Amino acid sequence: MSTNDIDHLKHEAAARAVEYVQNGMKVGLGSGSTSEAFINLLGARVRGGLDIIGVPTSERTAQLARSLGIALGNLNDLAPLDLDVDGADESDHNLDLIKGGGGALLREKIVAASAKKMIVMIHGPKLVEKMGAFPLPIEVLEFGHAETARRISAVIKSLGYGDVPLVLRKKGDAVYKTDSNNVIYDAAFGPVISETAKLANALSCVPGVVEHGLYIGIATTLIVARPEGIEVIERS
Ligand SMILES: O=C(CO)[C@H](O)[C@H](O)COP(=O)(O)O
């Protein structure tokens, strides 16, 4: 699939997602290119008279939404949100996700968890039998991060996954920093993650881990865009 084809599918998924937004809603705004396609479409509806308020999941999303005239508010004041709309790096058939390829996993998860409904937009190849081909992002406090990474490796090994490479994310030559000033390790499991909740809970227990990109039981609706059309999967 060419980049153009993928961009087209992301746009199709976003176009379906924007249909869920209704007047008066409080809406979580995800991060990443699919979310940006959604926010552009939402901006057009706002200019056409739709009255909503958004809660952004990253500084970049906030900047884009503002530039399009979308009113933004604070999660503390607005929760619970009616809807959160976001992309993902992978989803399995239970609607459990890997997110964080764009580095916004922490705020994205807080916002998604505060919404009555989370709609996730992906294109076909991101729907997988077993997650992990996309390296799992793990956000870690900068203080002692190398030691935290060693503990993460030990925990992963104790769950039977063997020596999973953990790579400190970089931006150019510099260490990548999240909007919350933390660092990210990407864990290259390969497509073998079996007990997602068990892994998620184990990672959350490592001191120094701020958040990880496994979203378990949070997404309610998955929009999958393929060349032959859109499939909408609801959490059963
Ligand atoms: O989790 C994310 C950002 O932290 C994104 O939703 C995820 O990386 C998908 O991005 P894209 O829509 O660009 O493929």
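# Exercises on a predicted two-domain model

Strand S1 (residues 26–29) runs parallel to S3, and the two are paired over three bridges. The structure used in these exercises is a predicted model.

## Exercise 1. The surroundings of strand S3

Determine which strands pair with S3 and in what sense, and establish whether the residues of S3 are buried or exposed.

*Solution.*

Step 1. Begin with the pairing to S1, which is parallel. Within this pairing, Leu29 is placed opposite Val85 of S3.

Step 2. Turn to strand S6 (residues 118–123), which also pairs with S3 in the parallel sense, here over four bridges. Val85 has Ile119 as its bridge partner in S6.

Step 3. Examine the directions of the side chains. In a regular strand, side chains alternate between the two faces of the sheet. In S3, Leu83, Val85 and Gly87 point one way, while Asp84 and Asp86 point the other way.

Step 4. Apply the burial criterion, under which a residue with 20 or more other C-beta atoms within 10 Å is buried. Five of the five residues of S3 are buried, so the strand is largely enclosed by the rest of the structure.

## Exercise 2. The largest nonpolar core

Identify the residues that touch the most other members of the largest nonpolar core, and explain where this core lies relative to the domains.

*Solution.*

Step 1. Recall the general tendency: in soluble globular proteins, nonpolar side chains tend to be buried together.

Step 2. The largest nonpolar core holds 56 residues, and those touching the most other members are Ala17, Phe38, Val120, Met121, Ile138 and Ile223. Because domain 1 (3–127 + 217–229) and domain 2 (136–213) both contribute residues, the core lies between them.

Step 3. Take Ala17 as an example. When residues up to four places away in sequence are left out, Ala17 touches Phe38, Val85, Ile119, Met121 and Ile223. Val85 and Ile119 are the bridge partners met in Exercise 1.

## Exercise 3. The contact between the domains

State how many residues of each domain are in contact with the other, and describe the side contributed by domain 1.

*Solution.*

Step 1. Taken over C-alpha atoms, the centres of domain 1 and domain 2 are 24 Å apart.

Step 2. The contact involves 13 residues of domain 1 and 12 residues of domain 2.

Step 3. On the side of domain 1 that touches domain 2, H5 provides the largest share, four residues. This side is made up of four nonpolar, four polar and five charged residues.

## Exercise 4. The shell around the ligand

Find which residues are closest to the ligand and which element gives the largest share of the shell.

*Solution.*

Step 1. The ligand is surrounded by 18 residues, of which the closest are Gly32, Thr34, Gly87, Gly101 and Gly102.

Step 2. At least two shell residues come from each of helix H2 (33–47), strand S3 (83–87) and helix H5 (105–113). The largest share, three residues, belongs to H2.

Step 3. By character, the shell comprises three nonpolar, 11 polar and four charged residues.

Step 4. Two of these elements recur from earlier exercises: S3 is the strand with five of five residues buried, and H5 gives four residues to the side of domain 1 that touches domain 2.

## Exercise 5. Backbone exceptions

Locate the cis peptide bond, and decide whether Leu95 and Asn181 are buried or exposed.

*Solution.*

Step 1. Recall the background: most residues other than glycine have a negative phi, and most peptide bonds are trans.

Step 2. The cis bond joins Ala79 and Pro80, with omega about 0°. Pro80 is located in the loop between helix H4 (75–78) and S3.

Step 3. Leu95, although not a glycine, has a positive phi of about 70°. Leu95 belongs to the loop between strand S4 (90–91) and strand S5 (97–98). Because 22 other C-beta atoms lie within 10 Å, Leu95 is buried.

Step 4. Asn181 likewise has a positive phi, near 70°, and is situated in the loop between strand S10 (174–175) and strand S11 (183–187). Asn181 has 8 other C-beta atoms within 10 Å and is therefore exposed.

Step 5. Consider the strands on either side of Leu95. S4 and S5 pair in the antiparallel sense over two bridges, with Glu90 opposite Ile98 in S5.

Methods. Residues numbered from 1 in each chain as written. Predicted model: local features only at pLDDT ≥ 70, side-chain atom pairs only at ≥ 80, totals over all residues. Core = buried A, V, L, I, M, F, W, Y, C linked by C-beta atoms within 7 Å. Buried ≥ 20, exposed ≤ 12 C-beta atoms within 10 Å, placed from the backbone. Domains from an automatic or database assignment. Contact = placed C-beta atoms within 7 Å. Near = placed C-beta within 6 Å. Nonpolar A, V, L, I, M, F, W, Y, C, P; charged D, E, K, R; others polar. Pairing = 2+ DSSP bridges.
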